[in-house]
Amino acid sequence: MEITEFVETLRLDGSLLADAAEEAGPDARIPACPEWQMRDLVTHIGQVHRWATEFVTQGVQQPGRPPEAPALADDELVAWLREGHHHLVLALDSAPQDLSAWTFLPAPSPLAFWARRQAHETSVHRVDAQQALGTSLTPLPSAFAADGIDELLTGFHSRDRSRIRTDVPRTLRLRATNTPGAEWTVSLSDAPPRTVRHHGAGGPADAKPADCTIEGPAEELYLALWNRLPWDAMTITGDETLSQLWRERAGV
């Protein structure tokens, strides 16, 4: 996907998130994060957007914590969220292609990283806000959802902190049924998972059968992997304990 596509998704989903938060109210419970109310979600994403904006506008080269949220009344939170979101979109829109800044996942460039990461961060939390409101979810483009699966598997779960581990080596195959070439094989062991994306239907010709295969439309698979949708919409074949392992340990 192009950087402009990520920025446009960020713009749309940030606005939808704020709308849902405003309508649901600050006390609404977040289903995927039971310890959170809407005020916690709004505070989190408002901090993350401002944190990302600093890297993009100032070219910060070292990791740092998100800025502290100001002490705001409940009726001020959504406006604060909208302000930070607006500045992040503007920052990404106007940033130079050769931006130099710290990143924490592989990417073609720092600008590509921050646009992609903030688009997915915002989309997943937009889902949280809409679920808390109890409204239908705004659909995501299948290409964007497939990209989010790729970021989760080859980015977040390639790091040492991933808890997706098995005592005996196992393989998990994930397939987005409505997106050509969106198929991944995840090798599990007592080390961080290793993921290979296959660019043709069915994977490589010499691929061994996976211990477990999980498949479904890209958006549903994306949100299930982020534990935002139930897994009963997925088709699971083989050893279902691997899908249970994901549900229990895949929190980022």
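In the predicted model, Arg116, Asp147, Asp150 and Arg197 are joined to one another in a network of salt bridges. The structure as a whole holds 18 salt bridges, and several of the individual pairs can be described by the elements that they connect and by the exposure of their residues.

Glu22 and Arg82 form one such pair, in which the closest N and O atoms are 3.2 Å apart. Because Glu22 belongs to helix α1 (residues 3–24) and Arg82 to helix α3 (residues 74–94), this salt bridge ties together parts that are 60 residues apart in sequence. With a relative accessible area of 52%, Glu22 is exposed, whereas Arg82, at 28% relative accessibility, counts as partly exposed.

A salt bridge is also found between Arg228 and Asp128, with the closest N and O atoms 2.9 Å apart. This pair links distant parts of the chain, since Arg228 is placed in the loop between α6 (218–225) and β7 (235–238) while Asp128 is part of helix α4, 100 residues apart. Arg228 and Asp128 are both buried. In a further pair, Arg173 and Glu183, the closest N and O atoms are 3.9 Å apart. Arg173 lies in strand β3 (residues 170–176) and Glu183 in strand β4 (residues 183–188), so that the salt bridge ties together parts that are ten residues apart in sequence. Both of these residues, Arg173 and Glu183, are buried.

The nonpolar interior was examined next. The largest nonpolar core comprises 58 residues, of which Leu92, Trp114, Leu172, Leu174, Ile214, Tyr222 and Trp246 touch the most other members. Helix α4 supplies the largest share of this core, with eight residues. For Ile214, when neighbours within four places in sequence are left aside, the residues in contact are Leu172, Arg173, Leu174, Arg175, Leu221, Trp231, Met234, Thr235, Ile236 and Ser243. Arg173, the partner of Glu183 in the salt bridge described above, is thus among the contacts of Ile214. A second core, separate from the largest one, is made up of 17 residues, including Ala18, Leu41, Leu77 and Ala129.

Open space in the model was considered as well. Rolling a probe the size of a water molecule over the atoms shows where empty space is left. The largest pocket has a volume of about 940 Å³, and of the 37 residues that line this pocket, His44, Arg117, Glu121, Phe156 and Val252 are the closest to its centre. Two or more lining residues are given by each of the elements β2 (33–37), α2 (38–58), α4 (110–133) and α7 (241–249). Among the contributors, α4 gives the most to the lining, with six residues; the helix that provides the largest share of the largest core is therefore also the one that gives the most to the lining of the largest pocket. By class, the lining consists of 18 nonpolar, ten polar and nine charged residues.

Finally, the surroundings of Ala69 were described. Ala69 is placed in the loop between α2 and α3 and, at 27% relative accessibility, counts as partly exposed. Not counting residues up to four places away in sequence, Ala69 touches Thr43, Gln47 and Trp80. The C-alpha atom of Ala69 is separated by 8.4 Å from that of His44, a residue 25 residues apart from Ala69 along the chain, and His44 is in turn one of the residues closest to the centre of the largest pocket.

Technical notes: Residues are numbered from 1 along each chain as its sequence is written. This is a predicted model: local features need pLDDT of at least 70, side-chain atom pairs count only at pLDDT 80 or more; totals for chains, interfaces and linings use all residues. Side-chain values use heavy atoms; hydrogens and water are left out. On a 1 Å grid over the protein atoms alone, a cavity is a set of points where a 1.4 Å probe fits but cannot get out, and a pocket is an open set with protein on both sides within 12 Å along at least five of seven lines; lining residues have an atom within 4 Å of a point. Grid points are joined across faces, edges and corners, and a volume is the space filled by probe spheres set on the points. Helices (H or I, at least four residues) and strands (E, at least two) are DSSP runs, numbered from the N terminus. Ala, Val, Leu, Ile, Met, Phe, Trp, Tyr, Cys and Pro count as nonpolar, Asp, Glu, Lys and Arg as charged, and the others, Gly among them, as polar. A nonpolar core is a set of buried Ala, Val, Leu, Ile, Met, Phe, Trp, Tyr and Cys residues joined through side-chain atoms within 4.5 Å. Buried means under 20% relative accessible area, exposed over 50%, partly exposed in between (1.4 Å probe, protein chains only). Contact means heavy atoms within 4.5 Å. A salt bridge is a side-chain nitrogen of Lys or Arg within 4 Å of a carboxyl oxygen of Asp or Glu.
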